[in-house]
Amino acid sequence: MRNFEFYNPVKIVFGEGSIAKLKSLVPRDKKVMLTYGGGSIKKNGVYDQVKDALSGYRIIEFGGIEANPEYETLRKAAEICRKEKVGFLLAVGGGSVLDGTKFIAAISNYAGEAWDFLDGKARPSVAIPLGSVMTLPATGSEMNANAVVSRREMKEKRPFNSPLVLPQFAILDPETTKTLPESQRINGVIDTYVHIMEQYLTTDGGAWVSDNLSEGLLRVLVEHGKAYVEKPDDMTVAGNIMWASTMALNGIIRLGADSDWSTHAIGHILTAFYGLDHAITLAIVLPGVMQVMRTNKKSKLLQYAKVVWGITDGPEEERIDKVIHKTEEFFRMLGAKTKLSEFGITEDTPTLVADKMQSIGLLPCGEHRDMDYDIVKEILSLRK
């Protein structure tokens with residue numbers, strides 16, 4: 001088990017009706033920028049709840065943050081923050097809105113080129129404080145310091161991280177999920193599942209507490225993921241999926257263990273090239289990673305097969321085959337497509353993706369940095 005330090009100051013406010021508590025969480029003496037996406041919060045009543053809770057506050061709005069938040073969009077928001085002297089940001093929506101808001105918070109008081117933070121040339125020294133109202137369980141962004149930003153003209157999707165953009169609070173009201181489209185519910189379960197797998201399916205390093213937490217979360221998703229997709233009015237299911245999403249990426253389940261993130265690295269390039277939903281790229285890539293890296297991950301694959309899926313009979317290699325199949329079958333049972341060809345992608349994707357990852361410094365990847373150019377090509381060749 002590896003040494004670790006852990007600190008997470010995000011206040012979680014969970015439960016039905018909790019949006020009304022915004023008045024005690026958002027500073028009244030600051031001008032607030034309310035950020036959101038395509039406007040679904042105005043259709044499902046969340047916008048009205050937020051505005052009611054913040055009646056009397058000085059609020060400006062910035063809508064239109066994309067599902068994969070665009071660099072230029074976020075720069076425009078930062079310019080408004082500077083001009084209007086915004087003192088607090090409130091992200092209302094899913095993980096993409098919050099990711100974008102984190103980046104806005106970091107670049108609003110930066111005199112240089114904002115891309116510096118995504119290129120590794122600079123780190124933020126100050127950020128506008130922020131909070132969130134989450135309406136889409138998926139990314140876990142509400143309780144971590146991470147974000148991902150896209151730049152369409154460069155066909156790139158890059159990660160960003162700073163402790164300065166940890167939200168001060170996150171409101172998790174399962175009622176907000178009722179009107180989500182089925183596709184977003186499917187994506188949310190898959191995104192959460194793969195977040196856990198990237199921190200769990202690595203080495204057997206004796207991090208028993210983290211392993212057990214991960215396995216418990218995976219079982220919740222396996223047992224209740226389909227119900228979440230099919231029964232949007234079941235608040236017990238929605239609440240548990242929402243909390244699982246937060247737990248998947250708030251740092252707790254990685255403590256003392258190794259992490260991988262190769263599936264995400266490959267998936268980000270697929271999204272940048274083809275515009276596929278982030279979670280769908282993960283459903284495409286993960287079974288390939290499990291197959292190609294099965295020798296390196298053998299111990300944890302067998303543990304995963306036994307504890308999460310109850311697969312205990314047969315030779316070890318046969319059990320690994322079964323659990324890889326079960327994982328992909330689970331994604332498909334939720335309603336996801338898991339092959340590139342199902343999206344009409346027939347070009348030489350393995351080479352294109354491996355070339356791009358090589359050119360921007362994403363290779364080698366994996367928990368041991370042993371996944372190189374040829375391995376990425378092999379993984380994607382299996383997923384055509």
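**Close-up 1. P364 sits in the loop between helix 13 (349–359) and helix 14 (373–381).** Helices here are DSSP runs of H or I with at least four residues, strands are E runs of at least two, and both are numbered from the N terminus. A cis peptide bond joins L363 to P364, with omega at about -5°. For background, most peptide bonds are trans. This is a predicted model, where local features need pLDDT of at least 70 and side-chain atom pairs count only at pLDDT 80 or more, while totals for chains, interfaces and linings use all residues. Residues are numbered from 1 along each chain as its sequence is written, and side-chain values use heavy atoms, leaving out hydrogens and water.

**Close-up 2. K157, in strand 7 (residues 156–161), is buried yet has no salt bridge.** Buried means under 20% relative accessible area, exposed is over 50%, and partly exposed is in between (1.4 Å probe, protein chains only). A salt bridge would need a side-chain nitrogen of Lys or Arg within 4 Å of a carboxyl oxygen of Asp or Glu. For K157, the nearest side chain of opposite charge (Lys and Arg positive, Asp and Glu negative; His and chain ends not counted) is D99, 7.5 Å away.

**Close-up 3. Two residues other than glycine have positive phi values, K155 and W261.** K155, with phi near 50°, is in the loop between strand 6 (146–151) and strand 7; at 44% relative accessibility, K155 counts as partly exposed. W261, with phi near 70°, is in the loop between helix 8 (235–248) and helix 9 (262–274). W261 also counts as partly exposed, because its relative accessibility is 28%.
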